[in-house]
Amino acid sequence: MAPEPTYYITTPIYYVNDAPHIGHMYTTLACDVLARFKRLDGYRVRFLTGTDEHGQKVQKAAIAAGLTPLDFTDRVSGNFRDLAAHMHFTNDDFIRTTEARHRRSCQALWQRLIERGHIYLGSYAGWYAVRDEAFYGEGELIAGPGGEKLAPTGAPVEWVEEPSYFFRLSAWQAPLLRFYAENPDFIAPDSRRNEVISFVAGGLQDLSVSRTTFDWGIPVPGDDRHVMYVWLDALTNYITAVGFPDVECADYRTFWPADLHMVGKDILRFHAVYWPAFLMAADLAPPRRVFAHGWWTNEGQKISKSLGNVIDPNEIVARYGLDAVRYFMLREVPFGADGDFSHRAIVGRINGDLANDLGNLAQRSLSMIQQYCGGVLPDPGPLTDDDRVLLEAAGRLTDRVRGHLERQMFHLALTAIWETVASANVYVDRQGPWALRKSDPPRMQTVLSVLAETIRRIALLLQPFIPDAASRLLDQLAVPAAERGFAALAPGHRIASGAVLPKPSGVFPRFVEDGAAGTEKAGKGRG
Ligand code: ME8
């Protein structure tokens, strides 16, 4: 028997300086879809998320809240954990960098780097941005509105002078360039890959990896006046969670190197430059792929606390529904590009794609089976070319969706599924089973059976994206739980005729504007 394929996927671990917002939700959502997809596709999956709790930024936020860092991080980390539960994210683990397992892992990684001569003691004098937890060279700074110096991200910077350990990053320029060349899929999308390569080709300076002017961090082994630089600490979470420093344990051997680190474009450099350099220096394997997705704005504006337009994921889910938000975020924006969250756009997707296209296809097909076949899935008779074209398109869908998700192209996967939804709607209109009922009942049965099979395939593939609606659809088709994995999409697998279907009910209600009741009725799609 072939060994079970495995898949290890991670989100960034989020800073606990602030409440979770839709940006955080987006990254974890993308990972959740991939984790669910891989599980259904027969993989043993490890899906990790968590919180980044050390460093100056979190320490400052704790002080501002009048709490000790640990009390503060317990509270905010809890908000991220609650979000994951509320969004039905299927992470297998939730790591906190304040956990003992992580301290041990970071100190062991440090030890490996010291032993191999990659870390030395020196002193740092330069610019630091607490908001980014990043060091900047003089040449990278920009001028703010009042002429003050700012990081290229717009974050305020402060001058720092302190003793510091350094990682010999400068020695990793050539090995990193070689690694990128040999692993063309390591950084996605391609535009980001080119950015990283030109950054590295421009030369790398040694990186300060410890701080002494505050103490909220993991102590440097053997020199506890220093705490580790928060990015070295944070990145290490990905190996802590699979058992590092025990590189012989089953989890580490099964899941490392990670298949995918999903990140926002703001933190690509840390993941695609520093992280593989740390790992290679420690004689550990670098991850297989890093995908940097784009940035969400709210009704065209940058999302920020000072603008007061932070979108609370719980609120939008209460307003539009979990599946609708999941669908919208992954369909509306080509994954990798920036996106805008607007009320108009999400309502358009709900009423168009979900209620009209998919909801209506399901509702009318299932109602006809209920009304014309006594709720029993009919046997198909001989197939016409028209039937075969639709069934073949539905059959090909599995590989198309799989291929798109292999490259994290969520929007293309959903577009492919909706092409089949559209073809099925055209097929119903052309075949007119309501007329065949009188003129040719066996033919009507074939048409309804072809539709049921097509909807079954669509619903199975939609499970990772819109899990609740997909499972309601599969319930309405009486697909047993054991037949919901993607093995049931193998060629030749068909929906079982003779099954008794429950009474259909609308899967996607239309979104009705407050105060607009009466112009649109919930649950009613296009005729
Ligand atoms: O950077 N649009 O944590 P963080 C899209 N602790 N994605 C967004 C977003 C937006 N407007 N805002 C945030 C850190 N994100 C570090 C990571 S990993 C070893 C350490 C998402 O809380 C996006 O994934 O600032 C981004 O990379 C991440 O949140 C930053 O989260």
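Here are a few exercises on a predicted model, each with a worked solution.

**Exercise 1: The ligand and its neighbours**

Work out which residues come nearest to the ligand, and which polar contacts can be found there.

*Solution.* Start with the shell. There are 22 residues around the ligand, and the nearest are Ile13, Thr27, Asp52, Asp266 and Trp296.

Next, look for N and O atoms within 3.5 Å of each other, the cut-off for a polar contact. Take Ile13 to begin with: one of its backbone N or O atoms sits 2.8 Å from a ligand nitrogen. Gly23 also uses a backbone N or O atom, this time 3.5 Å from a nitrogen of the ligand. With Thr27 you need to switch to the side chain, where an N or O atom is 2.7 Å from a ligand oxygen.

Then check how well the ligand is covered. On its own it has 680 Å² of accessible area, and the protein covers 94% of that.

**Exercise 2: Who builds the shell?**

Find which helices and strands supply at least two residues of the shell around the ligand, then sort the shell by class.

*Solution.* Go through the elements one by one. Four of them supply at least two residues each: β1 (6-15), α1 (22-40), α7 (230-235) and α8 (237-240). Of the contributors, β1 gives the most, with four residues.

Now sort by class. You should get 11 nonpolar, nine polar and two charged residues in the shell.

**Exercise 3: A cavity hunt**

Search the whole structure for cavities of 30 Å³ or more, and describe the lining of the largest cavity.

*Solution.* The search turns up one cavity of that size. The volume of the largest cavity is about 70 Å³.

For the lining, list the residues: Tyr14, His24, Met25, Thr28, Thr49, Phe80, Leu83, Ala84, Phe89 and Phe94. Map these onto helices, and α1 and α3 (69-86) each turn out to supply at least two of the lining residues. As for class, seven are nonpolar, three are polar and none is charged.

**Exercise 4: Two open sheets**

Give the strand order of the four-stranded and three-stranded open sheets, and pick out their edge strands.

*Solution.* The four-stranded sheet runs β5-β4-β8-β10, and its pairing is antiparallel. Its edges are β5 (134-136) and β10 (207-208), each of which pairs on one side only. Zoom in on β4 (residues 119-129) and β5: three bridges join this antiparallel pair. Across it, Trp127 stands opposite Tyr136 of β5.

The three-stranded sheet has the order β17-β16-β18, with mixed pairing. Here the edges are β17 (301-302) and β18 (339-341), and again each pairs on one side only. β16 (residues 296-298) runs parallel to β18, and three bridges join them. Asn298 has Phe341 in β18 as its bridge partner.

**Exercise 5: The partners of β13**

Which strands pair with β13 in the antiparallel sense, and what sits in the hairpin turn?

*Solution.* First comes β11 (residues 210-211), which pairs with β13 (residues 223-228) over two bridges in the antiparallel sense. In this pair, Ser210 stands opposite Met228.

Then there's β12 (residues 219-220), also antiparallel to β13 and joined to it by two bridges. Pro219 has Val227 in β13 as its bridge partner.

Finally, inspect the turn. β12 and β13 make a hairpin with two residues between them, and Gly222 in the turn has a positive phi of about 80°.

How values were computed
Residues are numbered from 1 along each chain as its sequence is written. Side-chain values use heavy atoms; hydrogens and water are left out. A residue is near a molecule or strand if one of its heavy atoms lies within 4 Å of it. A polar contact is a pair of N or O atoms within 3.5 Å; within protein, one must be able to donate a hydrogen and the other to accept it, and residues adjacent in sequence count only if both atoms are side-chain atoms. Accessible areas come from the Shrake-Rupley method with a 1.4 Å probe; for residues, only the protein chains shown count as cover. Ala, Val, Leu, Ile, Met, Phe, Trp, Tyr, Cys and Pro count as nonpolar, Asp, Glu, Lys and Arg as charged, and the others, Gly among them, as polar. On a 1 Å grid over the protein atoms alone, a cavity is a set of points where a 1.4 Å probe fits but cannot get out, and a pocket is an open set with protein on both sides within 12 Å along at least five of seven lines; lining residues have an atom within 4 Å of a point. Grid points are joined across faces, edges and corners, and a volume is the space filled by probe spheres set on the points. Two strands pair if DSSP finds at least two bridges between them.
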